[in-house]
Amino acid sequence: MKIDVQHRPAYALATVLLDAGEAVIAEGGAMVSKDTHVTISTSATSPEPQLPRYGCLPWFFRSFGQLFRNTAIYQNKFEAASYPGSVTFAPKSPGDVVVHRLVEETGLVLQSTSFLCSASSIGLDNEWGGTEAFLRGDGMFMVRATGEGLLAFSTFGYIREIQVDEAWVVDAGHVVAFEDTLSFEVRRFARSPWFRAFGGEGFVVEFHGQGRLWLQSHNPKAYGRIIGPMLPRRRR
């Protein structure tokens with residue numbers, strides 16, 4: 001399997017070249033085009049959550065982490081069963097696509113919205129414990145990818161790779177992915193309400209250890225706050 005990225009860095013497309021018998025897993029709605037003989041099937045990584053019997057109140061008070069750990073991640077599988085084929089994928093937001101070769105020794109933690117596609121030998125873990133820290137902070141849902149093979153993830157804007165050797169602090173909205181050799185802490189930008197109100201930053205992530213970290217040049221939530229008021233209101 002090979003992944004060829006074109007039209008980067010603003011409007012990247014990823015073309016996956018499959019040998020006979022190979023398959024690629026992708027997020028729902030990511031496909032742009034494919035060969036006619038490449039088959040598609042849909043699966044979920046975990047069962048659907050079961051609501052409690054006595055109304056929604058107990059469910060509401062569960063932690064965000066528990067809610068997402070019980071939620072299925074739906075994926076499409078594209079397989080070239082008999083002979084080679086290709087599938088092209090595009091992310092939902094404009095930006096770059098990074099191709100990363102995953103190895104057994106080092107997993108990758110990434111935003112669930114940044115995952116684009118991967119070899120079928122790679123598993124996505126939506127029960128990763130660190131998700132709760134991100135949800136309490138900037139509201140991001142993170143997944144952990146493990147296994148061996150190629151994986152592609154997307155960014156909002158330009159991508160920057162950083163080699164962390166001791167410590168690094170990042171605005172939470174700019175975190176795309178990081179190797180699981182890094183430890184982290186999600187905290188507020190400042191303790192003082194005055195600085196939080198006027199400092200322009202919400203939550204930051206402080207990484208420690210050694211490993212690679214990928215950042216996106218633009219913050220989707222900040223962009224949404226700017227562009228949102230300009231959009232026409234829906235008619236009821």
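A salt bridge, in this tour, is a side-chain nitrogen of Lys or Arg within 4 Å of a carboxyl oxygen of Asp or Glu. The model is predicted, with local features needing pLDDT of at least 70 and side-chain atom pairs counting only at pLDDT 80 or more, while totals for chains, interfaces and linings use all residues. Residues are numbered from 1 along each chain as its sequence is written, and side-chain values use heavy atoms, with hydrogens and water left out.

**Stop 1: the sheet around β18**

Select E206 and R187. Their side chains meet in a salt bridge, at 3.0 Å from N to O. E206 belongs to strand β18 and R187 to strand β17, and the two residues are 19 apart in the chain. Strands here are DSSP runs (E, at least two residues), and helices likewise (H or I, at least four), numbered from the N terminus. E206 is buried, at a relative accessible area of 18%, whereas R187 is partly exposed at 28%. These classes follow from the cut-offs: buried is under 20% relative accessible area, exposed is over 50%, and partly exposed lies in between (1.4 Å probe, protein chains only).

Extend the selection to residues 203–209, which make up β18; five of its seven residues are buried. Which strands flank β18 in its open sheet? The order is β15-β18-β17, with antiparallel pairing; two strands count as paired if DSSP finds at least two bridges between them. β15 and β17 are the edge strands, each pairing on one side only. Neighbouring strands of this sheet are turned by 20° against each other on average, direction ignored. For such angles, axes are lines fitted to C-alpha atoms (for helices, over the stretch in contact), and the values run from 0 to 180 degrees between N-to-C directions.

Now show both interfaces of β18:
- β15 (residues 167–171) pairs with β18 over five bridges; V169 stands opposite E206, and D171 opposite V204.
- β17 (residues 182–188) pairs with β18 over seven bridges; S183 has H208 as its bridge partner.

**Stop 2: two further salt bridges**

By the rule given at the outset, the count comes to six salt bridges. Select D96 and R8, whose closest N and O atoms are 3.0 Å apart. This pair links distant parts of the chain: D96 is in the loop between β7 and β8 (97–102), and R8 is in the loop between β1 and β2, 88 residues away. D96 is buried at 3% relative accessibility, while R8 is partly exposed at 46%.

Move next to R212 and E161, which form a salt bridge with closest N and O atoms 3.7 Å apart. R212 lies in strand β19 (residues 211–216) and E161 in strand β14 (residues 159–164), so the pair ties together parts that are 51 residues apart in sequence. R212 is partly exposed at 26%, and E161 is partly exposed at 46%. Add E179 to the selection: E161, E179 and R212 are linked in a network of salt bridges.

**Stop 3: the sheet that contains β1**

Select residues 2–6 and 31–34. These are β1 and β4, the edge strands of an open four-stranded sheet in the order β1-β2-β7-β4, with antiparallel pairing. β1 pairs with β2 (residues 13–18) over five bridges, and I3 has V16 as its bridge partner in β2.

Within β1, pick D4. D4 is partly exposed, at a relative accessible area of 36%. Leaving aside residues up to four places away in sequence, D4 touches L13, A14 and T15, where contact means heavy atoms within 4.5 Å.

**Stop 4: the largest nonpolar core**

A nonpolar core is a set of buried Ala, Val, Leu, Ile, Met, Phe, Trp, Tyr and Cys residues joined through side-chain atoms within 4.5 Å. The largest one has 21 residues, and those with the most contacts inside it include I3, V16 and C117. Among the strands that each supply at least two residues of this core are β1, β2, β10 (115–119) and β13.

Centre the view on C117. Which residues is C117 in contact with, beyond its neighbours within four places in sequence? They are I3, V16, V24, I25, A26, F89, L151 and A152.

Finish at S154, in strand β13 (residues 149–154). S154 is buried, at a relative accessible area of 5%, and touches P91, D96, V97, T113, S114 and V176, not counting residues up to four places away in sequence.
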